[in-house]
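Visitor: Hi! Could you walk me through this one, a question at a time?
Guide: Sure, have a look and ask away.

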Amino acid sequence: MTDLDTASKTDTPATAAPPEPTPARRWWTLLRPWLPLVALVVFLFVPYLRLEIPGIFDGPLNSPGTLQLLALCLVYGGLAAGYDLLYGRTGMLSFGHALYFAAGVYGTDILITKAGLPLWQAAPFALVGGATLAALIGAIALRTAGIAFAMVTLAFAQVGAILVARDFGGLTGGEEGLPLDVSGLPAFFVGVANTYNLYWLALAYLALVVFVVHRVSSSPTGRVLAGLRDDERRIGVLGLDPYRFKLVAFTLSGTLAAAGGIVYTLLVSGASPHITSSELTLSLLVMVVLGGPGTRWGPVIGGMLYMYLDHRLTAFGTSSAVEALPGFLSAPLSQPLFVLGTVFILAVYFFPGGLASLAGRLGPLLRLIPNRRR
Amino acid sequence: MSTVILLTLTGLGLSALYFLVASGLSLVFGLADVLNFAHGLFLSVGAYATWWAAGNLPGAGADGFGFVLAVAFGVAAGVAVAVLVELIMIRPLYSRTIEQVLVTVGLSLAGVALLQASWGADPRPFPRPQWTQGVTSVLGAKVPNSGLLLIVAAVAVLAALLAFLRYTRYGLVIRAGVENREMVTALGIDVRKAFTLVFAIGGAAAALAGALGGVYFGSVSPSQGGSLLIFAFIVVVIGGMGSVVGSAYAAVAVGLLQQFVNYYGTSGLGDICVVALLAIVLLLRPQGIAGKAATA
């Protein structure tokens, strides 16, 4: 692996000389590695906080509605991080990621509701099913590369959407979706009063995905994946098989998405066909690119922010403030996807590194502000 | 027997629709390496512009010459949008392929949402000339005229495209550019002009597909472009990127397969068979039936 080590070192641009440490900066460098842990603890204690944040959330932080929204944001943060294992870290543009998520959702839902299995049996089956599906489809789709790969994964995901929509065998409930039969669930996951348990489950899922993705990308395998992203031929020349590494990344990413699907099913207690649509994969791509592909926290933040905005923009679009605007403004603003799509396009042009690169980009600006303490 | 003829001709009508969408997609992909997600939007723009023109444009209507005018307006709108997209959005990201794809993804999301905001999510009845609602008797099968219209239009577009690619100077540049873009650039030819041209052609074909597809389905809805686009992607991959002839063969195969299996099997099974066909083609010939090679 030493070859790869030096290769990746030469690739990274020489960092600028560190500015002379001011007391505040020294504290920051000490604190920085612990920030994710601090954030985790804060998120863990959210269900105990009776805090009102007017304008951001409708009710107090620990009201079931707000917790549900936060939990959805956490799940999507995890999904985006798992998708980034493909897009940002391996350079594979898959347009079929919704399929593995949907496999987790519909797998769990069907096994519990139709087959009557308890959750602790249904969830592993759904997970293994999602992983197998990802491995099989990856094995075929990886015969192509680049843009063709994107189209092929999209086509396979479309099969999932058709299967769900046509309701073969009466399993999926077609357009109506399939409400979850909660009688098979453990009592602590059922009911509005237990939303905080689901919230912690979503937080655990996000933590698991982040842990797995970071462990993989800092392992030797992760270096190979980064090498595949930068120059696939170089990996081939080193005597490693690109196909096998890409398949591993694809399967792992699909499995993480299926796991997210299991949490999502419990969270919204049911499955609806819109999660199989290609729009979901495109949204994942938007989340990752908005957050910053291949960065440590960018995709997580992008996913959470996207979900939050998607949710809030729907409320915002139907609010009286928007309806008071003239028609040519209020009509587009009532569509969250219009706003998000436009933001996304602007981000591609003006913030190629996403939110994660924002700090670096604003750095020069901050230095322009005269430091009063000096 | 008449059932088989009917299924063949309606299947070919569907093939014609796929070909109209896929030909532009394939050329843009072959030349500029851009997977154009906004292509479905061009189709929707064509459909909605035709629909709007038939009701509002003086002289245009649902019948006779008025309908031709409405379709011409729709195609012109498709071309205008396609050229604007290329000039404003694709060109600044020249040679950054992934970013180009991302921008078209954003545009497809925002554009469909905009159509939905303007005219609602529900399908709107499409103005159809009286004669397209009738049927023609072919060897005992009663074939809807709208399907025949699509087939005639697709054959005309295919012939025009092949003639353009084969006999004109710009066609030569495009063919050469699909083959090897760097080499053409090195010879001092501005490939970017060809990009704009190919986008305009693709936009026109997609808008025509939108207008005639509206006649075929009898309605327009904002999401129509997106669902057709996925099958057009499959056609492009099976046909081989950048090959117009390959797209035509693949479109015929996909349309016929879909129609026959959907009729003799369960509805929806045909769509799945199409993806199975894609998997088989990829396993046997990853570069598609015509490869990324000559366009004519």
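Visitor: Is A:W200 buried, partly exposed or exposed?
Guide: This is a predicted model, so its values are all computed. A:W200 has a relative accessible area of 23%. Buried would need under 20%, and exposed over 50%. That puts A:W200 in between, so the word for A:W200 is partly exposed.

Visitor: And which residue does A:W200 form an aromatic pair with, edge-to-face?
Guide: Look along helix α8 of chain A, residues 195-218, and go four residues, about one turn of the helix, from A:W200. The two rings sit 5.6 Å apart, centre to centre, with 75° between the planes. The partner is partly exposed too, because its relative accessibility is 34%. It's A:Y196.

Visitor: How many aromatic pairs does the structure hold over all chains?
Guide: We've just met one of them, A:Y196 with A:W200. Counting over all chains, the total is 17.

Visitor: How far apart along the chain are A:Y100 and A:F250, another of those pairs?
Guide: Their rings are edge-to-face, 5.7 Å centre to centre with 80° between the planes, and both residues are buried. Yet A:Y100 belongs to helix α5 (residues 98-113) of chain A, while A:F250 belongs to helix α11 (residues 242-268) of chain A. So the pair links distant parts of the chain, with a separation of 150 residues.

Visitor: Let's move to where the chains meet. What area is buried between chain B and chain A?
Guide: On the contact count, 43 residues of chain B touch 38 residues of chain A. Carbon and sulfur atoms give 83% of the buried area. The area itself is about 3,500 Å².

Visitor: Which helix gives the largest share of the side of chain B that touches chain A?
Guide: Four helices of chain B each supply at least two residues there: α3 (64-90), α4 (97-119), α9 (224-239) and α11 (269-284). The one you're after brings 15 residues. That's α4(B).

Visitor: Which residue of chain A meets B:D271 in a salt bridge?
Guide: The count between chain B and chain A is one salt bridge. Its N to O distance is 3.5 Å, and the cut-off is 4 Å. The partner of B:D271 is A:R166.

Visitor: Last one: what is the bridge partner of B:T136 in β3(B)?
Guide: Strands β2 (residues 135-138) and β3 (residues 141-144) of chain B pair in the antiparallel sense over four bridges. They make a hairpin with two residues between them, and B:L139 in the turn has a positive phi of about 50°. Across from B:T136 you'll find B:V143.

Note on methods: Residues numbered from 1 in each chain as written. Chains lettered and ligands numbered in written order. Predicted model: local features only at pLDDT ≥ 70, side-chain atom pairs only at ≥ 80, totals over all residues. Heavy atoms only, no water. Pairing = 2+ DSSP bridges. Phe/Tyr/Trp six-rings, centres within 6.5 Å; stacked < 30°, edge-to-face > 60°. Buried < 20%, exposed > 50% of the residue type's maximum accessible area, 1.4 Å probe, protein only. Contact = heavy atoms within 4.5 Å. Buried area = accessible area lost by both parts, 1.4 Å probe. Salt bridge = Lys/Arg side-chain N within 4 Å of Asp/Glu carboxyl O.
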